[in-house]
Amino acid sequence: MAWKRNPAPKSVYRRQLAARLKELRETADLKMAEVANTIEINQGTLSRIESGDRGTTPVVVKAMLDCYGVSDTAVREDILDLVRADKAQKQKWWRKYSAVINTTQYGGYLELEASATSLRSYEPQLIPGLLQTADYAHKVISAMRMDLDAKQIGALVTVRMNRQALLDGENAPKLWVVIDEAAIRRMSGSPEVLRSQLERLLEVEPRTNITLQLLPFDAGFHPGLYGSFMLMGFPEPNPDVVWVENLTNSVYFEGSDDVGRYTEVFDHLRATALGPPETRSRIKSMLKEL
């Protein structure tokens with residue numbers, strides 16, 4: 001099982017860059033030691049660049065491309081764009097909230113989410129953060145994070161609301177969410193918050209990049225009873241990742257076997273859940289009950 005604790009994930013651009021540079025070196029039929037000697041760089045550093053564990057600079061990459069005999073201007077510029085994009089991605093909008101994020105194992109997730117092209121989420125207890133209202137988010141975070149003060153809770157609510165901009169724009173990722181009915185019924189003690197939250201779900205559901213399904217109580221037992229998870233997809237050749245969060249740690253899985261099992265579970269859940277039209281009708285019925 002491939003798992004990592006409190007990850008600091010590589011950016012999608014760095015993973016693409018690493019794969020391209022390794023491919024070019026192998027095409028040139030050069031050993032890593034030969035390249036390191038030619039461009040006067042430590043072989044260990046070169047190895048970490050090729051694995052994506054270390055970023056690099058345009059100067060180093062240009063030297064590598066010269067060594068590999070890459071003269072095509074378009075190819076060189078495409079690869080250098082990846083170097084620049086990786087550097088730019090380090091400038092995170094959430095950096096000013098780092099003090100509170102660092103106490104929640106949240107930063108690694110934001111890194112992955114920001115560069116994903118698809119997001120598939122199963123939530124048995126809560127409305128997913130990307131679809132929450134501010135009032136709902138405040139209630140959830142206040143209840144779950146008893147160790148945080150009011151200022152810290154407010155900061156996390158702000159981060160959660162800012163994340164939702166990810167779903168806007170031309171390059172917005174595809175979001176597919178399966179929510180257990182329990183996640184909605186749990187809020188029955190706060191009717192006004194629940195009403196606003198249900199209305200929010202009806203507002204976002206018609207968007208072409210968002211698919212929302214409700215898993216009803218009468219679905220019975222199912223493989224999602226293990227808990228919530230998020231499947232994140234990225235541009236080729238980057239592998240999909242599964243993110244799982246618990247009380248004390250957040251972990252992600254990137255092995256094909258692990259990702260395959262979670263994908264199978266998600267496919268089962270969405271096949272069992274109500275379809276989007278039926279989900280919309282059920283949410284409207286719940287609103288009438290309020």
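Of the 290 residues of the protein chain, 46% count as buried in this predicted model. The chain holds 13 helices and seven strands. Contacts with a sequence separation of 6 or more were examined by range: residues 24 or more positions apart account for 75% of them.

In soluble globular proteins, nonpolar side chains tend to be buried together. Here, the largest nonpolar core has 38 residues. The members that touch the most others are L131, L175, I184, L198, L201 and M232. Helix α11, residues 191-204, supplies the largest share of this core, with six residues. A second, separate core has 19 residues, including I49, V61, L65 and I79.

M232 was examined beyond its neighbours within four places in sequence. Its partners include Y109, L112, E113, A116, S118 and L119. D240, V241 and W243 are also in contact with M232.

Helix α11 has 14 residues, and its end C-alpha atoms lie 20 Å apart. At 1.5 Å a residue the expected span is 20 Å, so the two values agree. The buried residues of α11 are V193, L194, Q197, L198, R200, L201, L202 and V204. Two of the residues named as core members with the most contacts, L198 and L201, appear in that list. The buried residues of α11 pack against three helices, α8 (134-144), α10 (181-185) and α13 (276-289). They also pack against strand β4 (210-215).

The pairing of α11 with α13 was examined further. The two helices pack at an angle of about 155°, with their axes 10 Å apart. An angle over 145 degrees counts as roughly antiparallel, and α11 and α13 are therefore roughly antiparallel to each other. The crossing of α11 past α13 is left-handed. On the α11 side, the contact involves R195, L198, E199, L201 and L202. On the α13 side, the residues met are R280, I283, K284, M286 and L287. Of the α11 contact residues, L198, L201 and L202 are among those that count as buried.

Helices α2 (32-39) and α3 (43-51) form another packed pair. Their packing angle is about 115°, and their axes are 9 Å apart. α2 passes α3 in a right-handed crossing. From α2, the residues in contact are M32, A33, V35 and A36. From α3, they are Q43, L46, S47 and E50.

Two residues with positive phi lie in loops beside α2. D29 has a phi of about 60° although it is not a glycine. D29 sits in the loop between α1 (12-27) and α2. Exposed means over 50% relative accessible area; D29 therefore counts as exposed, at 66% relative accessibility. E40, also not a glycine, has a positive phi of about 55°. E40 is found in the loop between α2 and α3. At 74% relative accessibility, E40 likewise counts as exposed.

S121 offers a buried site in a strand. This residue lies in β2, which covers residues 118-123. Buried means under 20% relative accessible area, so S121 counts as buried because its relative accessibility is 2%. Residues up to four places away in sequence were set aside for its contacts. S121 then touches P128, W176, V177 and V178. F229, M230 and F266 are also touched by S121.

Definitions and conventions: Residues numbered from 1 in each chain as written. Predicted model: local features only at pLDDT ≥ 70, side-chain atom pairs only at ≥ 80, totals over all residues. Heavy atoms only, no water. Core = buried A, V, L, I, M, F, W, Y, C linked by side-chain atoms within 4.5 Å. Buried < 20%, exposed > 50% of the residue type's maximum accessible area, 1.4 Å probe, protein only. Helix = DSSP H or I, 4+ residues; strand = E, 2+ residues; numbered from the N terminus. Contact = heavy atoms within 4.5 Å. Expected span 1.5 Å × (residues − 1). Axes fitted to C-alpha atoms, helices over the stretch in contact; angles between N-to-C directions. Parallel < 35°, antiparallel > 145°, perpendicular 65-115°, else oblique. Left-handed = near helix turned anticlockwise from the far one by under 90°.
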